[in-house]
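Q: I'm new to reading protein structures. Could you walk me through one with me?

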Amino acid sequence: MSKSNTIKLLAIETSCDETAVAVLQGSLPASFPKFKILSSVVKSQIDIHRKTGGVVPEVAARAHMQNILPVTEMALKKANLNLKAMDYIAVTSGPGLVVALVIGTEFAKGLSLATDKPLIPTNHMAGHLYSAFAQSPEKIQFPVLSIIVSGGHTMLVLMKDYKSYKVIGQTVDDAAGEAFDKVARLLKLPYPGGPEISKLAKLGKNDFNFPRPMMKEANFKFSFSGLKTAVLYHLQKHQAVNARLSKQAKADIAMSFENAVVDVLVTKAFRAVNKFGCKTVALSGGVAANQKLRESLAKASAEHEIAFTVPEMELCTDNAEMIAIAAYFRLFNKEKLIPTSKVKADPSWEIL
């Protein structure tokens, strides 16, 4: 990167239960996206929320208040830079838990006003969207069908280029990640439940052929609430005969549930691929860490002779690296920024 068009950006993420900060260096203006991450620090709250089996917003907010300054200092130290060297400050300002978003947003506004650096409010889901382009973004072939699967969202996004994207389908009730967590609680698995379900599913032997909600409907909508209920009814029926679930019985349920979710996601995704003539499938979000989903989408993409891209595991869960990348793309796309004083935490901020 030539010094004449190099920018440095500090990004902050506090949308849920991770306090994260990253530093990015990128070229602007540029014909093709060109950037690298200089540092990325994540302070997880899993141990705190494991005690209650889920995220308690007020507890998360207090932890963010304690962690945000030392995590920022650590990210700058790892990048061997100081705050004055930054050209921009970026922050996740939505969607997410409002009390958590406020901590990061107000902290970032303070940094922006104190240093006179422009503030880039960044959508958390846009962070997941662009995280799939963390490696070799210049090689991405459009149109792209992006599958974002997280605890709060399940959506298909059609991208015509780096700037133009549109949500073409999403869940009408529970998101896939939410369903993973609820089924994990039914099986009395530790928090966070999603990874525990996936680990247990590898030991499964008998597929109970749980329902695939909305899979055959000619649209791009998802529904996972009924699948969760089917698991509940199966458990109640099983427990009426056997008071205690064996590990193998749990493994079979986990595998059957995971198979149903993956089948629905892959089928709906490639219905969109065929309709819109997509050349690349991109997977992102917390559930993108699921090995079966990654492998199934990779296999289907190869069969359709199109590219498949997915972030490294550490980029699937919440982190500031993806927020830095999304903020960089806002600049790359020459989007207009609002004044720092007008930036607000917006827990319901949806991408288009």
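Q: Let's start with one residue: is Asp263 buried, partly exposed or exposed?

A: Before I answer, keep in mind that this is a predicted model. To read burial, look at relative accessibility: under 20% is buried and over 50% is exposed, with partly exposed in between. Asp263 comes out at 32%, so it counts as partly exposed.

Q: Which residue forms a salt bridge with Asp263?

A: For a salt bridge, you look at how far apart the closest N and O atoms are, and the cut-off is 4 Å. Here the partner is Arg212, with those atoms 2.8 Å apart. The pair ties together distant parts of the chain, 51 residues apart: Arg212 sits in the loop between α6 and α7, while Asp263 is in helix α8. Arg212 is buried, at 18% relative accessible area.

Q: How far apart in helix α1 are Arg50 and Asp47?

A: They are three residues apart in α1, which spans residues 46-50, so about one helical turn separates them. They form a salt bridge too, with the closest N and O atoms 3.3 Å apart. Asp47 is exposed at 56%, and Arg50 is partly exposed at 41%.

Q: How many salt bridges does a search of the whole structure find?

A: It finds eight. Another one pairs Arg330 with Glu335, at 2.9 Å between the closest N and O atoms. Arg330 is buried at 16%, whereas Glu335 is partly exposed at 30%. Salt bridges can also share partners, and that is how Asp174, Glu178, Lys182 and Lys228 get joined into one network.

Q: Now for the nonpolar side. Which residues touch the most other members of the largest nonpolar core?

A: The general idea is that in soluble globular proteins, nonpolar side chains tend to be buried together. In this model, the largest nonpolar core has 50 residues, and the ones touching the most other members are Ile147, Leu187, Ile197, Phe224, Phe257 and Phe270. Several helices and strands supply at least two residues each, among them β6, β7, α5 and α9. The top contributor is α8, with 16 residues.

Q: Which residues does Ile197 touch?

A: Leaving out residues up to four places away in sequence, Ile197 touches Phe180, Val183, Ala184, Leu187, Leu189, Ala254 and Phe257. Try finding them around Ile197 in the view.

Q: Which residues does the second core include?

A: That core is separate and has 38 residues, including Ala11, Tyr88, Tyr130 and Leu331.

Conventions. Residues are numbered from 1 along each chain as its sequence is written. This is a predicted model: local features need pLDDT of at least 70, side-chain atom pairs count only at pLDDT 80 or more; totals for chains, interfaces and linings use all residues. Side-chain values use heavy atoms; hydrogens and water are left out. A nonpolar core is a set of buried Ala, Val, Leu, Ile, Met, Phe, Trp, Tyr and Cys residues joined through side-chain atoms within 4.5 Å. Buried means under 20% relative accessible area, exposed over 50%, partly exposed in between (1.4 Å probe, protein chains only). Helices (H or I, at least four residues) and strands (E, at least two) are DSSP runs, numbered from the N terminus. Contact means heavy atoms within 4.5 Å. A salt bridge is a side-chain nitrogen of Lys or Arg within 4 Å of a carboxyl oxygen of Asp or Glu.
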